[in-house]
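User: I am new to reading protein structures, and I would like to understand the reasons behind the labels that people attach to residues. Could you take me through some of them?

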Amino acid sequence: MTARPLLSVFNAQNPTEILDSVPLPTVFTAPIRNDIVHFVHYNIAKNTRQAYAVSLKAGHQHSAESWGPGRAVARIPRVSGSGTHRAGQGAFGNMCRKGRMFAPTKVWRRWHRRVNVTQKRHAVASAIAASAVPALVMARGHKVNSVSELPLVIDNFAHVEKARDLVTVLKAIGAYEDVVRAKNSKKLRRGKGKLRNRRYTQRRGPLLIHNEDSDKLKNAGRNIPGLEVQNVHRMNLRSLAPGGSLGRFVIWTKSAVKALDDVFGTYRKVSAEKVGYHLQRPMMTNADLARIINSNAIQSVARPAQAKQTRGVHQKKNPLKNAKAMNNINPYERLRKHIARVQLKKRATELEKLRKEKRGITAALSKKEKTATKQRKTASTAWLKSVTEHMTSTYYDPTVDEDEQVEAADEE
C-alpha cells in the first residue's frame, strides 16, 4: 500500500505541468488482502456462466426393451425389430453405442454463487490499494516506465470527444505504451473456444476511472484495445483485479479521487454510499518486514544465528527386542532383568545340590582338602613307582631265560 500524504494532479494536455494536489484517499492505505480478492473473484466469476446441458431426449430415441432373464444375455434394453444390424443391439445405457451419457447434465445445476457484500467491498478496496504499488503493477505486466507516478491522477477529460483525442492524452501521460502492449497481445484462442464466440484472447490495458455522468468518455475509449472505462461509483473487482491478480494500471480523474472517501469512507468515518461499511484496518503500520527485521533496533537485541542442526533419520526400535529402547521407556527394566538373572542362578545352584544329594554325590571338597588329596595321590604314585623299580632290578635279568629265573626264585 502507498502512504504519500498528497497526490499530484497532472494536466491531461501537458503532463509535465502539475495543476494541483489532492489528499491521498484512505482507501489507498487499506491492507492488501490477496486471499479475500482471490476468493471473491473466484466466486463472482461463476455468476456470468451460461447454463448448458444435453438434450433430454438424447440417447433415448429408440424403440428398445429388455429381453429379460433366461436368454443368457444381459438385461440391457435392446433395439426391437429384425433384419438389420441395429436390431438386438443394446440401447439407452451409458455403456451402449448411441446411448445416453452417465448422469446427463441439467440446466438447473447450481451455477451461481452468493458472496457476502462486505467481502466484495473489502476485495475492491484491496484491489484499489494494490493499484497504487508500482511493484505490483509492473509485476502484473503493465508498461508504466514512462508514467510520472502511481496513482496517476489527471485533472479531467472534458475535451475528449473521440478515440483519437483519448489516444493523444494517453500518449502524453505515458500510458499508451501499455495500450500497445495489449494491442500486440491479441492471439487466436486455443481449443474449442474459437468456435464459441470467443475466438481471440487479449491482455488487459489501462483502466480509466472517472466521475462523470455522461457516456462521452466511455464511448471514446471503447475502440482502444485493452482500455476500460468505469465510473468511480460502480467499480468492479473483475476489472480492478482481472483473473484475481492484483495490480491493475489505473488512471484516475481528480473528481474520482476526491469521491473515494465518500465511496469507501475512512478509518474514522463510515462510508456515505455503502451502508455501515468500515475500511479494514491494517494489522501492521509498516508492512516492510525486511526493513523492520534488519533495522538496528531489532538486530541489536536479537540473539546470534544458531548453527543449523541436522537431525538424523529416526528409526523406530521395538522395545521388546531392543534393550536400550526398553530402558528409555522403562528405566526399571534393567534392574528387573538383573534380579531375574540372580534368582535364576540361585535356583539352578539349589537344583544341582538336590540332584547330587539324590545321587549320593558328596559335596565338593574345599581348597585345603583338594590340596591334601593331591599331595596324597602324588606320594602314593611315587611310592608305587619306587617299589616297581626295586622289584624289577632285583628279580629280573634280561640276559637269563625267564623260566630259569622263575625256577631260581622258587628254589629260594
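The questions and answers below concern this structure, which is a predicted model.

User: Why is T105 called buried or exposed, whichever applies?

Analyst: T105 has a relative accessibility of 16%, and the word buried is used for values under 20%, so T105 counts as buried. This residue lies in the loop between β4 (77-79) and α2 (117-130), and, with neighbours within four places in sequence left aside, its contacts are Y52, A53 and V54.

User: What makes the approach of the T105 side chain to the backbone nitrogen of V54 a polar contact?

Analyst: The side chain of T105 comes to 3.1 Å from that backbone nitrogen, and the cut-off for a pair of N or O atoms is 3.5 Å, so the distance falls within the limit.

User: Why are F28 and W252 called an edge-to-face pair?

Analyst: There are two aromatic pairs in the structure. In the one formed by F28 and W252, the ring centres are 5.6 Å apart and the planes make an angle of 80°; since pairing asks for centres within 6.5 Å and edge-to-face for an angle over 60 degrees, both conditions are met. The pair links distant parts of the chain, with F28 in the loop between β2 (18-23) and α1 (34-44) and W252 in strand β10 (residues 250-253), 224 residues apart. Both of these residues are buried.

User: How do you know that the charge of R78 sits over the ring of W67?

Analyst: The charged end of R78 is 5.2 Å from the centre of that ring, where the distance limit is 6 Å and the charge must also lie within 35 degrees of the ring normal. K274 likewise lies over the face of F264, at 5.2 Å from the ring centre.

User: Which residues touch the most other members of the largest nonpolar core?

Analyst: They are W252 and F264, in a core of 39 residues. The largest share of this core, seven residues, is supplied by α2. Sequence neighbours within four places aside, F264 has contacts that include R121, V124, A125 and I128.

User: What makes the buried residues of α5 line one face of the helix?

Analyst: In helix α5 (residues 176-184), the buried residues are D178, V179, R181 and A182. Viewed down the helix axis, they fall within an arc of 155°, and they therefore line one face. These buried residues pack against α4 (163-173), while the exposed residues K183 and N184 are carried on the face turned away from the buried side.

User: Why is the phi of F92 worth a second look?

Analyst: Most residues other than glycine have a negative phi. The phi of F92, however, is near 75°, a positive value in a residue that is not glycine. F92 is in the loop between β4 and α2, and its relative accessibility of 17% is under the 20% limit, so F92 counts as buried. N197 also has a positive phi, near 65°, and is in the loop between β6 (187-188) and β7 (200-201); with a relative accessible area of 80%, which is over 50%, N197 is therefore exposed.

User: Which kind of peptide bond joins L150 and P151?

Analyst: The bond between L150 and P151 is cis, with an omega of about -5°, and P151 is located in the loop between α3 (134-139) and β5 (152-154). As a rule, most peptide bonds are trans.

Methods:
Residues numbered from 1 in each chain as written. Predicted model: local features only at pLDDT ≥ 70, side-chain atom pairs only at ≥ 80, totals over all residues. Heavy atoms only, no water. Helix = DSSP H or I, 4+ residues; strand = E, 2+ residues; numbered from the N terminus. Buried < 20%, exposed > 50% of the residue type's maximum accessible area, 1.4 Å probe, protein only. Polar contact = N/O pair within 3.5 Å; in protein donor to acceptor, adjacent residues only side chain to side chain. Contact = heavy atoms within 4.5 Å. Phe/Tyr/Trp six-rings, centres within 6.5 Å; stacked < 30°, edge-to-face > 60°. Arc of directions from axis to C-beta. Core = buried A, V, L, I, M, F, W, Y, C linked by side-chain atoms within 4.5 Å.
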